[in-house]
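Me: Please take a close look at one part of this structure, and then connect it with the other parts that can be described in similar detail. Please state each criterion where it is needed.

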Amino acid sequence: MKTFRQSYPSQTAQYTALIALSVVSLPLLLQLPALLIAIFLFTLFARFILVSLNIVALKAWQTILAIIGIAALVYFNINSLVGRDGGIAFLLFLALLKSFEGGTVRDWQVLLLASLFLVVGPLLFDQSILSGLWMALSLWAILVALASVNQVRLKNALSQASFALLLTFPLMGVLFIATPRLPEPLWKMPQSSDTTVSGLSETLNPGSVSELIQSNSLAFNAVFNDRTPGKPEMYWRLMTMGEFDGTSWQATPTRYPNTSNPTTDNPISYTMTMADQNGRLPALDYPTVVDEQSEKRVGATVVAKNTYAQLRRFTLKSSLSNRLPENLDQLQKQHYLYLSRNNYQTQSLGKTLSAESKTSEEFIQKSLQFIENNGFKYTLTPPKLDHSPNQIDTFLFQTKQGFCEHYASAFAFLMRSGGLPSRVVTGYQGGTYYPDGNFWQVRSKDAHAWVEVWLPEYQEWLRVDPTSAVSNSRINGGIEDALPEESGLQNQTGFWHELQQTSQFQWQQWIVGFDVAKQNMLFSWLGLNRVNAFTILLVILIGGLITAAPIFFWWRKVSRQQINPLSQGFLLLKERILPTDWASTESMGPIELLAFVKEHGTEEMIKKLEPLINELIKLHYEETNPSKQKVWRWYAKAKSFRRKNH
Amino acid sequence: MSQWSNHSLKPVAQDTPLSWRHLQLRPTRLGLSLLVIALAVWVGALNYSINLAYMLSFWILAFFIMAYLLTSLQLLGLRGGAHYHGELFVGDEADIVFQFSSLSNRYRAFHVVLDEYRVFIQSDQDVIPDTILALPTTRRGYLVIPNLILISTAPFGLVQAKASLQSTSQILVYPRAEAHPIPSSMTNTELEGTANTQKGGDDLSYLNEYQRGESLQHVAWKVFAKQRRLLSKYFESESAHPPDVISYQDYPENTSADRLASFLCYRILEAEKMHQSYSLVLPKGTIPPSRKQRALALSALSML
């Protein structure tokens, strides 16, 4: 005879299992190449049809062939069967294949277990609020399917799964808070090489920054620990670019040490929550103190000591200033003065303006005025520059339209032409403040490029933003103020927008970014100075008791519904008092029991039992509607008697 | 079901509400696999520092603990057992009726295992509709209904709750009636005992449970109206017809006990159908006509 696990589940159960697999697969599919998505969806749809036709299983040789085919498909599209992308794709298809195999209860249960494992996959890519909600939805769908495969009616499967998840949520929360965390991950996820969506490239070309604006993806959140700077002061430097080949600027490698020495006149402290961008971290001009996870490098940039893709918190201090003292040696000066053999018009202009100026600052001012007074336009969609090496000339003397990278590139070249060492700096400028959460959000739309010019008179770098000469509103208000229509980014306000961004921030802080520091902070708030084995157990114990309370009250209510306390209590008494082979235990009434005890029992037993039985008679036979408290109290006494008397 | 290890289960009397101490709980293979997955997810979360994965592993663990409570609720408070009503002959199927009830109308789903047979019951009412399991009968005599094992893995299949209900029922299986040419029967002159049949022919002698096949004209309808019981009237006979003698001695000595029982059973049933008075003569004694003669006779033949 077949066991239950060898039997076949109902059609409804099979549908729920396939739906659970679909829910789990959805975010994973978005990471796969289009061909794999199409094949997966087609195969899943085919399985739904086969279930409706009651067609059960593939034969063994068909299964083996299918596995080989899937492996080949995944490998040729992703070039791997292991690792994050290839491994997840392979597991996803294997899970789908499981639904074609066998068809017994056991097979569907294995499929659902595999689905549960797949839930982890997307979390490697994304831990946003949506991911969290999807995770809960997937877990719920899998539970519904498990119940359905276990022969539970669908409506009961839905309610039981919902109920179980809700009741267990608090206990999960306690364990989440109390479990110790490692200072940093043991297995670090490698950075993605694709920086076009979220990060700034290490090469600056015309269009490098303007392309990023469109994605508007989140770069980082920042909280200022004491005071908040004004938006025009918020220059978040990410990398400096000193090498120019005539068309593009190249970031200075981070292996070079920092030789600058920022002042500490105007300190400001802040914490950023972000994943580092290939090791680079943005910092407000100019960083003075970094935390233990990061360090300063060339050009007063900041890098993470260990780079990986997971989100974390960095706390830095900066001194708000537009000047950075640094003594440049001869080699450095040569590096920052290098001019390629092109753009001669610009070189000529630079020399002319420099000759007309008495000081370096005067030269800078004249150059800015040149931009301001010669009909330049700030735009996201400038005319395409030719492919010649004289793009700066074309921009400065012909098109006169560009975005920040055009102005920064041209201005830096102009400065070098006038004999002033200069470099391009890329990063972010400004941000959006959310008062409800008291945090600043910096997105890719805030990406920016500006210039630093070295002043030999002062032996320091001066920050110069040539964009301010064409669009002051960009610096003061952001891209949505400067180019509302071109950017497609209106200043988003409103309750829902604020709520969404604040929720996202709090989610980052307390869920995704819940690390050792946050745990220590929470434990201190609970009056526990340290996170150690004892305090963890204490939190689990107390938290567990608190969160188990709803479960306890629910359990008490439900279990009380199962029994009649007077009958059950009386049965307990009889079981304790009467011999095990007594023939008429069930039919014996309270008076008979009392008579039995008086005949066979000790004085002490009679003394304990008589009032108990008399109370039972009163509650059960004399009172028409005894109160629940009295009844349950009597039951507790009966249980206590049973426990204490042998 | 040999895989169920029931030796540690203490049977509970039927119709006793199941309480916590009557249950045996253990995780299923699926449940253990779930725990392994939770552990694997936790290891991944720890190593990659993915907080959402931590949440997932803890949620699975908390949920597994919850499954113990939910599964035990499938059986807690349940009371009932197996019953059989009516006559049963060899070759018939014994319709064992499982009747369960509880004080609450929460959803329950469980299996009742009876020897190697299993039936699935689910309901969200306090009185669970009767479920019938047909057991084949192959020989006459007592058919002992073994202890019932109640098993539930609902709702999710992660934990198994088991309880045992003591069976107090045993069914007497009557022999199969084998049609054959009836040998001529003896009269009652040699019989001992009396028959209660000496008064007027229309006088009611006794009432007995209505048997399938009997004429509806003989049904005591007034009794039915009052008590909702179908009873047949048995009348006294004025004539001196003595009861037919149905005797084991009517058959060769080498007739097997089973066959003999079958033959005698046939004759009894025929006599009952025709409302004929009879006496049954068996090696160990005689069963004269009486109110409960049918039951007594068939029982005696079951134990022949």
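Reply:
**Strand pairing and its surroundings**

In strand β10 of chain A, A:V302 is the residue that stands opposite A:L281. The model is predicted: local features require a pLDDT of at least 70 and side-chain atom pairs a pLDDT of 80 or more, whereas totals for chains, interfaces and linings use all residues. Residues are numbered from 1 along each chain as its sequence is written, chains are lettered from A and ligands numbered from 1 in the order in which they are written, and side-chain values use heavy atoms, with hydrogens and water left out.

Strand β10 (residues 301-304) of chain A is joined to β6(A) by two bridges in the antiparallel sense. Strands are DSSP runs of E with at least two residues, helices are runs of H or I with at least four, and both are numbered from the N terminus; two strands pair if DSSP finds at least two bridges between them. The open sheet to which these strands belong has three strands, in the order β6-β10-β9 of chain A, and its pairing is antiparallel. Its edges are β6 (280-281) and β9 (294-297) of chain A; each has a single partner strand, so one side of each has no neighbour in the sheet.

Chain B offers another open sheet of three strands, ordered β14-β15-β16, with mixed pairing. The edge positions belong to β14 (244-247) and β16 (285-287) of chain B, each of which pairs on one side only. From one strand to the next the twist averages 20°. Helix α4 (residues 257-273) of chain B packs on this sheet, touching β14 and β15 of chain B, and its direction makes about 160° with that of β14(B). Here contact means heavy atoms within 4.5 Å, while axes are lines fitted to C-alpha atoms, for helices over the stretch in contact, with angles from 0 to 180 degrees between N-to-C directions. Strand β15 (residues 278-282) of chain B pairs with β16(B) in the antiparallel sense over three bridges, and B:V281 has B:T286 of β16(B) as its bridge partner. Helix α5 (residues 293-302) of chain B lies across β15 and β16 of chain B and runs at about 20° to β15(B).

The helices of chain A add further packing. The axes of α2 (residues 34-52) and α3 (residues 60-78) of chain A come within 9 Å and cross at roughly 155°. That crossing makes α2(A) roughly antiparallel to α3(A), a class reserved for angles over 145 degrees (under 35 is roughly parallel, 65 to 115 roughly perpendicular, the rest oblique). A:L35, A:L36 and A:I39 of α2(A) meet A:L73, A:V74, A:N77 and A:I78 of α3(A).

Helix α13 (residues 391-399) of chain A is mostly covered, with seven of its nine residues buried, that is, under 20% relative accessible area (exposed is over 50%, partly exposed in between; 1.4 Å probe, protein chains only). Among them are A:I392, A:F395 and A:L396. The buried residues pack against β3 (235-244), α11 (344-355), α12 (360-372), β14 (401-402) and α14 (404-417) of chain A. After α13(A) comes A:K400, whose phi is positive, near 55°.

For chain A the pLDDT, the predictor's confidence in each residue from 0 to 100, averages 86, and 94% of the residues score at least 70. Chain B has five helices and 16 strands, and 51% of its 304 residues are buried.
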